[in-house]
Structures are given as C-alpha cells and as structure tokens.
Amino acid sequence: MKPADLLYAKTHEWVAVADEGGAKVATVGISAFAVEALTDLVFIELPKVGARVQAEQPFCEVESVKAVSDVYAPVTGEVVEVNARLPDRLEVLSSDPYGEGWIAKIRISDESNLAKLMNYAAYQKQCAEEGA
Amino acid sequence: MNDNRELSRTPLHGWHIAHGGRMVDFAGWSMPVQYTSIVEEHQATRQSVGLFDISHMGRLVIDGPDAARFLGSLLTRRIDDMAPGQVRYSLICNEQGGVLDDVLVYQIQLPEGGLSGFGLVVNASNRAKIVQWLHQHRGDLGVGIDDKTSEYSMIAVQGPRAIELLDSASDCELTSLRYYHGVMTRVASFRAFVSRTGYTGEDGCEIICDAADAAIIWTRLMERAEPMGGAAVGLGARDTLRLEAGMPLYGHELSEQISPIQAGLAFAVNLRGREFLGRDAIAAAQQNEQLPVRVGLQLEGKRAAREGAVILQGDRPAGEVTSGTFSPTFQRPIAMGYVKPSAAAPGAPLAVDIRGQHHAAQVVPLPFYQRGK
C-alpha cells in the first residue's frame, strides 16, 4: 500500500479502509516514522481474533530493547484477522511497514472515529513537528 | 521541578546533535539515548570499542589537610591507604545505612601547593544532594569542597579494543595500567587523566579532560574508532551493557532505603577499625537475615521484565524488579531485582508478572556477562 493513500491516527497507526461484503474493514499497521522511533524491536503481542477493540484504546503491544509501547486501535470494531507471521519476522515492520508489516484487520462497527483520522499530508506535518 | 527549565549541555552536545543523537532529559542534562540503535551500539562495545560522553556525571574535588579524614568519615570504604592515581568504588550512606550515592574516589596528587586531594565522581542525579551532604558534614575540618563538573569533561572508552585505541592516541602505554588505577597523560595531545575503569563489563578507560578540549579529543578518538568497528554509544546501550555486567544503577538497584549489604556490595564496605556515617546500621544489616537481597533473573521468551514488575514465588509476591531489558548479548530477557532471601538462591524457580501475565524466571548468579580473559 502507498503511504499517500492511507489514513493515520495521531498515535502513529496507519489505516486502509476497504469494503468487504457490505462491511467496512480496516487494515491497520504502524507508520515508518513510528517504527524508526521505536528501533530495536524484539517482540509484538498481537491482538486476538474476535477481540472487540475501541478506537484510541491500546489493542496491541510492541516491545523494544528500551521499552514497551502500546499500539492504539484507530477504529472501533472487531478484530477479524491478524498477521500471524509478524512475531517471527519483526524486521518487516521496518522493511515494509505499509505492506508485509500490517498488524491486524478490524471490522468497523462504529464509523464515527474515521473522521478523526488524518490524511497523509496532515500526518507528515505532525511527524515533522514531532521530529523537530 | 520546572519542566521548562533549560537542560544542561555537555561540551559534546553539538556533536551528538550533528550525529543523529536522540536527545533526552537525563537528570537535567540533554543526553543522547542512542545514535543509530541500542543493539548496534551495544555490540560495537562488546566486539570492538564504544565511546561514551559521561560528562553529565558530577566531578568534585576534595582537598585540604583534613581531606582524607573527612572523606573517611563519610565513605563506606577505606581510602587512607590509597596510592596516588588509585581509584576506588565506594558508597556514601546515611545514618540509617541507606545508600545516598555510589561513587568513584580518585586519589590525586595536586601539583600546586603539594596538597594531596581526592576526586569524587558522583551520579548526575545525586550531585546536588552529595555536594550539600559534604558541606553539611564538613564541620570545622580543613577541607575544600569544589564542584568542578563544568570545568572538566569525561569520556569513557570501553571494549576489547579500547586500550589499543587509546594507546594509539595517547602519550602513555596503557596496557600496563592496572585496573582501578589512573595516570595523568596526554590524549590527542591534550592533558587528561586516564583511569582503567568503566561501567560496561569490558576492558577500557575513562578520560577526564578540560571541558574546552573534550570535543577535539572526542573527534580524534572517533576518527580512530570508526575504522575499528567502534561507535559512539548513548545512554540506552550504556544501560544494557551495565545490566549485563550486573552493575547496580542508582535510583534502580540503589536508594536511600537499601543498604550496601542487600545490594551485594559488601566488598565496598570496610567496617573493621573504622567509624563512618551509617556504619552501625550497615553492621546491623549484615546480621539481618530477613532483608530482601539483589538477584539476577533470567527469563524465557522475549518479553522483558521492567522496573516495578512484581516477582512471584508460587503465587505469592517475593520481590520486585529494579531494572530489566532484552539482553542483546544473550538474546533473552534479563533483569535485576530484590527478593526475600528464601527466593534468592541461584536456580530458584520464580515468575515475574509482566502486564498481568506470569512469565517464568530463574535466579542466576551475577554478573550475567563476564568478558573473556
């Protein structure tokens, strides 16, 4: 997926929304900026398939040598699929964060949070401010 | 404390910024936590040589005719038998035998006036407290107490190739310098005091130089280190290195509530024939078999047990983690913590509560890492 086509949460998750059989499903990952900031990742605790997640609440944990960080659900809904191969090859989070590095798919039950997500330009601006 | 206060900067601050240092507030100092990656910087130190800016540490000079007597009344370790150039690890304790700071004491022969004095390197986070403590206990002794932190800078050069690097850049032959001894010499042609000390578990030295010369010395050392596979190392890897080496860090393994005995630092306490602040309380702690003691823990899996995590024996709390990380050398989580004595024997099967999940942990002897001779 192209970074320019994605939506972003202020907590650095990316979202790609697709229509699947009438339901909106969000594919979620963490941005290249976030992966770069984390560095030295050693572990990811994926959410469970079937878990109900709430927008802006932690739904996954990534651990680096330095610290544990929460990944926040960018939308509200149910986890319908996780990238089960990810824990054994965390390096794809940095090599391909918007493709092979996807974390989970969430079937959206409440679309209200989608409006809060940023487009690529707005997200780039936030990263530039945080990086400064 | 005011969050907007200006952070102190070391003379190498500009270099850190120019070389991608990710700067953080460490005890009021703007310091690099890493440049590229904690793991890469860690491995560079274990395999070749790492350069560390440790100018944030407090550097005090204690001189005057009563300097030895004065420090002897405050330090847990004997210093009156130190030879010029010798360095010793010691603790400063309160009346209750709790640790106020862990310090390096340097016996220095001051050329001017012929007075003998001592250097004291203290933790950045404890510097103000220790300076105040020294003044408070000086009484009418003939002692000078000077905080020289900003006049001097400090660089650690650590790793199996550290001595080779320094030998090529300094005026003296450091291979023959004994551990915990130092010498006044020149590094990159600038005057510097070089001691064979460190905080990584590797061979190496720490350099104290004039603040004005630090940036040039650092740059010259980096020029030589890089072709050797060496690297500048931030506080992140400094922490993983010292953790693997089983070395305590103030604010984690050491505090005013912990005695040197519990911390496993009896080697840094000389009780016999001495009087010093905290002596009686430390002697009592030595007889107390109930006090929690510092242990090393090795965990399964990949999740690190972090500071504050509860250590369990069966289903009962047995202690708490004080430092933990994923060890770059062993590729598994390691931690230090305090547990009750019945849970402290090497091999003892314990568990750590990591964010609500119990992970198996085993007590292992410290240090985790010991370099090959």
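**Exercise 1.** In this predicted model, identify which residues of the largest nonpolar core touch the most other members, and state which elements give two or more residues to this core.

*Solution.* The largest nonpolar core holds 35 residues, and those touching the most other members are Tyr89(B), Leu91(B), Tyr106(B), Val121(B) and Leu254(B). Turning to the elements, those that give two or more residues to this core are β4 of chain A and, from chain B, β5 (87-93), β6 (99-109), β9 (152-158) and α7 (235-244). For Leu254(B), once its neighbours within four places in sequence are set aside, the contacts include Tyr89(B) and Leu91(B), together with Val99(B), Asp102(B), Pro248(B), Leu249(B), Ala263(B) and Leu265(B).

**Exercise 2.** Describe the contact between chain A and chain B, beginning with the area that they bury between them.

*Solution.* Chain A and chain B bury about 1400 Å² between them, of which 43% lies on carbon and sulfur atoms. On the side of chain A, the residues that lose the most area to chain B are Asp40(A), Val65(A) and Lys66(A), which together account for 38% of what that side buries. As for the residues taking part, chain A contributes 15 and chain B contributes 17.

**Exercise 3.** Determine how many salt bridges and polar contacts link chain A and chain B, and characterise the side of chain A that touches chain B.

*Solution.* The count of salt bridges between the two chains is six; one of them joins Arg303(B) to Glu45(A), with the closest N and O atoms 3.2 Å apart. Across the interface, 17 residue pairs are in polar contact. At least two residues of the side of chain A that touches chain B come from each of α1 (32-38), β4 (41-45), β6 (58-64) and β7 (68-72) of chain A. By residue class, that side comprises six nonpolar, two polar and seven charged residues.

Key:
Residues are numbered from 1 along each chain as its sequence is written. Chains are lettered from A and ligands numbered from 1 in the order in which they are written. This is a predicted model: local features need pLDDT of at least 70, side-chain atom pairs count only at pLDDT 80 or more; totals for chains, interfaces and linings use all residues. Side-chain values use heavy atoms; hydrogens and water are left out. Contact means heavy atoms within 4.5 Å. Buried area is the accessible area (1.4 Å probe) that two parts lose on being put together, summed over both. A salt bridge is a side-chain nitrogen of Lys or Arg within 4 Å of a carboxyl oxygen of Asp or Glu. A polar contact is a pair of N or O atoms within 3.5 Å; within protein, one must be able to donate a hydrogen and the other to accept it, and residues adjacent in sequence count only if both atoms are side-chain atoms. Helices (H or I, at least four residues) and strands (E, at least two) are DSSP runs, numbered from the N terminus. Ala, Val, Leu, Ile, Met, Phe, Trp, Tyr, Cys and Pro count as nonpolar, Asp, Glu, Lys and Arg as charged, and the others, Gly among them, as polar. A nonpolar core is a set of buried Ala, Val, Leu, Ile, Met, Phe, Trp, Tyr and Cys residues joined through side-chain atoms within 4.5 Å. Buried means under 20% relative accessible area, exposed over 50%, partly exposed in between (1.4 Å probe, protein chains only).
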